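Grab a coffee and work through these exercises with the model open beside you. Each one sets a small task and then walks through a solution.

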Amino acid sequence: MTTEIAAPPGAPSSQMDGNKVISVYKEMQSDCTNMMNKIAELEVERNEHMLVEKTMRPLDESRRAFRLIGDVLVERTVGEVLPSVETNRKNIDEVLGTLSIRLKEKQQEAANWKVKYNIRTQEEVDNAKKASGSK
């Protein structure tokens, strides 16, 4: 992706180098992408926990259950495993909520940075040329 930068009207040129502005913007975009990937990963994990909970709820609490802890498969009972699975899912839900808030803040910060320094992607430049050429 190529980007263009134009100095904002009335901005001193010594304020920040154009390459530095673009690199900061790309870093913000990268952070947003990383957060979105982590959110997707945690949503999959949460869904797996919910599936395990749904499967284990109707079972007798004294029934044998196996739980993978790290690389070790441990034998427990449903009554011992189910509360920890529920707790883990709740913790994942909390982390997802926090990450979602942070992602929105980071996206807003990147959008503000883009507007402040008039950063445009090549696609936006091409679209602007097409729009001005068709008039």
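**Exercise 1. Find the aromatic pairs and say how their rings sit.**

Step 1: the rule. Rings of Phe, Tyr and Trp (its six-membered ring) pair if their centres lie within 6.5 Å; planes under 30 degrees apart count as stacked, over 60 as edge-to-face and the rest as tilted.

Step 2: the count. That rule gives one aromatic pair.

Step 3: the geometry. Trp113 and Tyr117 have ring centres 4.7 Å apart and planes at 50°, so this pair is tilted.

Step 4: the surroundings. Both Trp113 and Tyr117 are buried, where buried means under 20% relative accessible area, exposed over 50%, and partly exposed in between (1.4 Å probe, protein chains only).

A word on the ground rules: this is a predicted model, so local features need pLDDT of at least 70 and side-chain atom pairs count only at pLDDT 80 or more, while totals for chains, interfaces and linings use all residues. Residues are numbered from 1 along each chain as its sequence is written, and side-chain values use heavy atoms, with hydrogens and water left out.

**Exercise 2. Sketch the fold along the sequence.**

Step 1: count the elements. The chain has three helices and four strands; these are DSSP runs numbered from the N terminus, helices being H or I with at least four residues and strands E with at least two.

Step 2: put them in order. Going along the sequence, you get β-α-β-β-α-β-α.

Step 3: check a helix. α2 has 39 residues and spans 56 Å from first C-alpha to last, close to the expected 57 Å (1.5 Å times one less than its number of residues). After α2 comes Asn118, with a positive phi near 55°.

Step 4: look at the contacts. Of the chain's contacts (heavy atoms within 4.5 Å) with a separation of 6 or more, 68% are between residues 24 or more positions apart.

**Exercise 3. Track down salt bridges and see how covered their partners are.**

Step 1: search. The whole structure holds ten salt bridges, each a side-chain nitrogen of Lys or Arg within 4 Å of a carboxyl oxygen of Asp or Glu.

Step 2: start in α1. Lys38 bridges to Glu41, with the closest N and O atoms 3.3 Å apart. The two sit three residues apart in helix α1 (residues 18–56), which separates Lys38 and Glu41 by about one helical turn. Lys38 is partly exposed at 38% relative accessibility, and Glu41 is partly exposed at 45%.

Step 3: try Arg57. Its partner is Glu53, with the closest N and O atoms 2.8 Å apart. Arg57 is partly exposed at 48%, whereas Glu53 is buried at 2%.

Step 4: move to α2. Arg89 and Asp93 meet at 3.0 Å, N to O. Asp93 is partly exposed at 28%, but Arg89 counts as buried at 16%. Shared partners then link Arg46, Glu53, Arg57, Glu86, Arg89 and Asp93 into one network.

**Exercise 4. Locate a nonpolar patch on the surface.**

Step 1: the members. Phe66, Leu68 and Leu73 make up a nonpolar patch with about 350 Å² of accessible area together. Patch residues have over 30% relative accessible area and no salt bridge; like charges are joined within 9 Å, nonpolar side chains (Val, Leu, Ile, Met, Phe, Trp, Tyr) within 5 Å.

Step 2: zoom in. Leu68 lies in strand β2 (residues 64–69) and is exposed, at 59% relative accessible area.

Step 3: zoom out. The chain exposes about 9,600 Å², with carbon and sulfur atoms supplying 52%; areas come from the Shrake-Rupley method with a 1.4 Å probe, and for residues only the protein chains shown count as cover.
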